[in-house]
Amino acid sequence: MVKFEQVSKVFAGGTVAVDNLNLTIEKGQFVVLVGPSGCGKTTSLKMINRLIEPTSGEIYIHDQKARSLNVVELRRNIGYVIQTVGLLPHLTVAANIALVPQLKGWPRAKCQERVEELLQMVGMDPAVYGDRYPAQLSGGQQQRIGVLRALAADPELILMDEPFGALDPITREQLQLELKRLQEQLKKTIIFVTHDMNEALMLADRIVIMKNGSVVQDATPEGILRHPANDFVASFIGRSAQPQAVEELEVKDVMNTAPVTIEPERGLGEALARMQQQRVDSLLVVKDGVLKGTVRARDLYPYLLRNEIASVSEVLSLVPVAVKPDTPLSVAAAKLMDKNTNLVVVVDDHGELKGVVTRASLVGVLLENQKSSQTTVENHVLKAAGGAGK
Amino acid sequence: MSQVKILVTLNKMVEYFAGNSSEIWAAISEHILLLVLVPVGLAVLVAVPLGILATRYSLLERIVMGLGNVIQTIPSLALLALFIPLGLGIGNKPAIVALFLYSLLPIMRNTYTGIKGVSPELKEAAAGMGMTPMQQLFKVELPLAVPVIMAGVRTATVIAIGTATLSAMVGGGGLGRYIVRGLQLMRDYLILVGAIPAAVMALLADYGLSNLERWATPEGLRLYNEQR
Ligand SMILES: Nc1ncnc2c1ncn2[C@@H]1O[C@H](COP(=O)(O)OP(=O)(O)O)[C@@H](O)[C@H]1O
Ligand SMILES: [Mg+2]
């Protein structure tokens, strides 16, 4: 599907962003390029849709040289999602989604049909959201539309550059799950860039770890966890070493202590503005430190559409699953899986909100744990081999 | 000036308005149509494309903006007078040309900054989706630059309404005639007959065009700007 053959990019000024990259990506794969900031991920991605041209080497798409293809056609056949969302602010949600189909000259009715189909696919009612403007959506909804826009013309290949990087952890996780589901359903080839190893592990069929413009390791998520190619990879998959064993951990050790909240007497307009600003899809409603419930973006729209003045207290829904700070992590994890929710809230005996635990926080813990046991094993092996290295 | 004298002057002015209303209306419409709409309209037609081109070619940017700045620094009266010896004679013609040149810079500069101000991420997203450069311009950059361009047109119009009063100095028409005549004859009320409608028109134009600016701004863009 996509093949990099000895591709290098040297920017004016001499920065070697990509250094002799060789990579073949098969059709239907979900490949994640991961690595620290500045390692050349974005540059590699943009060379595929030719927003950046390589200095040397050749990129093939469907066995054709990318530089021999018409650049406009090429881009219309590749979905592209970026971190800043890049929705056109003056166009409605529907018009944004229909952009590429329109550029490709689809008839109007077909565009409209496609827009409705896509919105329904992510559970957004076309009648409610189609005519909204991007500025009227929460951060998570905006990026959903960003993803739908990339899918609209049904391209085989989709490029995503840190699409969820600016979202809060909870919304990010929700979108990751949705994306994974979409990919399994639609069988697209996705090349996804991130600097977040947890995200890579969650999404990828195959992870390509980059450093200084070249590939350090290219393997499945399991492969990378079990056999990190070198110290760089090892430290990259478990940055913050967590000495405690998983069994001993309590909720308070891993919870996110700064969830986005709002007071019940605030207006709905303010609630939406806060969701947009913080790029979340729901807020925890808190009065004097005590958790009252949650408010979700989709509960606001009926009111906002009717221009009704209402306060958060009127739309709040029940508190999702709650645990205490000293609840064992395993119990919280079981609740997360059991209730099929993506967060549990942490409250103390007085009902005060202390934090939230998300699926992402669990993945982080498990990874760190795996890594520490991994290094112990490796040390033994190394010692046995007389420290001769790998 | 004593208060009595002011009242007398105002009274004479009102009488003059009453007795010469058709002549004054003619002067006002000449002022608006010939000395403002024509030069500003022509300036829009020329300055918007130049502003766009300046965002594409840096050489053109330097030439066009430099020239615009030079024109803007020439004193308005000097610019008006300049075209008399250059073969345009006296009357409205040199005035229109001078007012046209004078309007170019604000519109050109705002077109340029409006387009340059569109966020690079949005431009790249548009390119990445497969828009041709023309589609990027017409579907993304220009719609997003509309408020800024309109602000330039408003500035140019307000300046033109004021500057047009000077065209009477080179034999042109409009409200400036009353001012010039008033100065020559030392009749204060005649100065006011020209100056007051001109001032009112400038205020009205500023108000009206700022409303138009808001109206022409796409709704989604307005919401977006409010949020930032
Ligand atoms: N347009 C550019 N001009 C010069 N240097 C650039 C440009 N774009 C990126 N770089 C440099 O190339 C390197 C790789 O950048 P990038 O591909 O954006 O990294 P990543 O996406 O992995 O963070 C960095 O050192 C960056 O500073
Ligand atoms: Mg990047």
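These are legends for four close-up views of a predicted model.

**View 1. What sits around ligand 1.**
Start with the shell, where ligand 1 has Phe11(A), Thr15(A), Ala17(A), Pro36(A), Ser37(A), Gly38(A), Cys39(A), Gly40(A), Lys41(A), Thr42(A) and Thr43(A) around it. Sorted by class, that shell comes out as four nonpolar, six polar and one charged residues. Which helix gives the most to the shell? That would be helix α1 of chain A, residues 41–48, which puts in three residues.

**View 2. Polar contacts of ligand 1.**
Now zoom in on the ligand's oxygen atoms and their partners in chain A. Two of the contacts go to the backbone: a polar backbone atom of Gly38(A) lies 2.6 Å from an oxygen atom of ligand 1, and for a polar backbone atom of Cys39(A) the distance to a ligand oxygen is 3.2 Å. Thr42(A) joins in through its side chain, with an N or O atom there 2.6 Å from an oxygen atom of ligand 1. How much of ligand 1 does the protein bury? On its own the ligand exposes 560 Å², and the protein buries 60% of that.

**View 3. Helices α7 and α8 of chain A.**
Staying in chain A, this one frames α7 (residues 139–151) and α8 (residues 169–186), whose axes come within 10 Å. They cross at roughly 20 degrees. An angle under 35 degrees counts as roughly parallel, and α7(A) and α8(A) are therefore roughly parallel to each other. As for handedness, α7(A) makes a right-handed crossing with α8(A).

**View 4. Helices α9 and α10 of chain B.**
Over to chain B, which has eleven helices and zero strands, so to read its elements from the N terminus is to read α-α-α-α-α-α-α-α-α-α-α. Its C-alpha trace spans about 70 × 40 × 30 Å along the principal axes. The close-up picks out α9 (residues 176–185) and α10 (residues 188–216) of chain B, with axes that come within 7 Å and cross at roughly 165 degrees. Why is this pair roughly antiparallel? Because angles over 145 degrees count that way, the crossing makes α9(B) roughly antiparallel to α10(B). The crossing of these two helices, α9(B) and α10(B), is left-handed.

Technical notes. Residues numbered from 1 in each chain as written. Chains lettered and ligands numbered in written order. Predicted model: local features only at pLDDT ≥ 70, side-chain atom pairs only at ≥ 80, totals over all residues. Heavy atoms only, no water. Near = heavy atom within 4 Å. Polar contact = N/O pair within 3.5 Å; in protein donor to acceptor, adjacent residues only side chain to side chain. Areas by Shrake-Rupley, 256 points an atom, 1.4 Å probe, with all protein chains shown as cover. Helix = DSSP H or I, 4+ residues; strand = E, 2+ residues; numbered from the N terminus. Nonpolar A, V, L, I, M, F, W, Y, C, P; charged D, E, K, R; others polar. Axes fitted to C-alpha atoms, helices over the stretch in contact; angles between N-to-C directions. Parallel < 35°, antiparallel > 145°, perpendicular 65-115°, else oblique. Left-handed = near helix turned anticlockwise from the far one by under 90°.
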